[in-house]
Amino acid sequence: MSISLWEIIKTGGAAMWVIVACSVVAIAVALERVTTLWRFAERARSLADTVQRCLFRGAIAEGRAACERSRSPLADVFLVGFERLGRGRPEVLAAAVDRERQRVTLDLKVRLWTLGTIGATAPFVGLYGTVVGIMNAFHAIDQKGGGGFTVVSQGISEALVTTAAGIAVAVEAVVIYNFFNQRLARLSIEMKLLVDEFLEVLKERGSQDGAREATGG
């Protein structure tokens, strides 16, 4: 005889509801991160290519306008460079751009701690349900004045269901966490490379403009 998911959840008791809530939260975080990271690298590379072409032509205003129109988070990093251009030493400009890059990287990792927390705590919630189920089984024996499968079946079922569910949700959360952690590490490196290339071109353009002003050209 097949058992429905609803019956399994009810069998698990209160701990099972907590485990189900953890699973829903993990899936929600995963969907939100997928939406945020969708085409992130493609948009970042496209913006970097556009900005570099503008800088090579000396069209700084056009490059800045491209950043202002872009939906890529990398645009915020480039805009800091445009704002600092010509306002101080090159190393100060590079430090400001790097700080903004790190801020964007941190924003990409937001809510990933939730997945790590679920992965670490879900098995313990399942263990709690196991203990409660066994306690209920012994309580049933005490109430009936004897043992038998019928007496202890509900408590044992609760114990087994919550244990299995807790482990399953923990595995789900850890797999999702590791996937996004690896993906974000790759995006972080790629974004740093794009920013370094941007700074090289920007500094070169700033030096050329400064030399031209000094010579009156």
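Buried, in this tour, means under 20% relative accessible area, exposed means over 50%, and partly exposed lies in between, with a 1.4 Å probe and protein chains only. The model is predicted, and local features are taken only where pLDDT is at least 70, side-chain atom pairs count only at pLDDT 80 or more, and totals for chains, interfaces and linings use all residues. Residues are numbered from 1 along each chain as its sequence is written, while side-chain values use heavy atoms, leaving out hydrogens and water.

Begin with the whole chain in a cartoon view, where seven helices and zero strands appear; helices are DSSP runs of H or I with at least four residues, strands are runs of E with at least two, and both are numbered from the N terminus. Of the 217 residues, 38% count as buried. Switching to a surface, the chain exposes about 12,800 Å², of which carbon and sulfur atoms supply 61%, the areas coming from the Shrake-Rupley method with a 1.4 Å probe and, for residues, only the protein chains shown counting as cover. Among contacts (heavy atoms within 4.5 Å) with a separation of 6 or more, 76% are between residues 24 or more positions apart.

Next, select Phe 78 and Phe 198, which form a stacked aromatic pair with 4.2 Å centre to centre and 25° between the planes. Rings of Phe, Tyr and Trp (its six-membered ring) pair if their centres lie within 6.5 Å, and planes under 30 degrees apart count as stacked, over 60 as edge-to-face and the rest as tilted. Phe 78 sits in helix H4 (residues 74-84) and Phe 198 in helix H7 (residues 149-215), so that the pair links parts of the chain 120 residues apart.

Add Phe 82 to the selection: its ring centre is 5.6 Å from that of Phe 198 and the planes stand at 70°, so this pair is edge-to-face. Here too the pair links helix H4 with helix H7, across 116 residues. Both Phe 82 and Phe 198 are buried, as are both Phe 78 and Phe 198, and Phe 78, Phe 82 and Phe 198 form one aromatic cluster.

Move now to the loop between helix H1 (5-37) and helix H2 (40-57), where Arg 39 lies. Arg 39 is not a glycine, yet has a positive phi of about 60°, and at 41% relative accessibility Arg 39 counts as partly exposed.

Finish at Arg 111, in the loop between helix H5 (90-108) and helix H6 (112-144). The phi of Arg 111 is near 75°, a positive value in a residue other than glycine, and with a relative accessible area of 36% Arg 111 is partly exposed.
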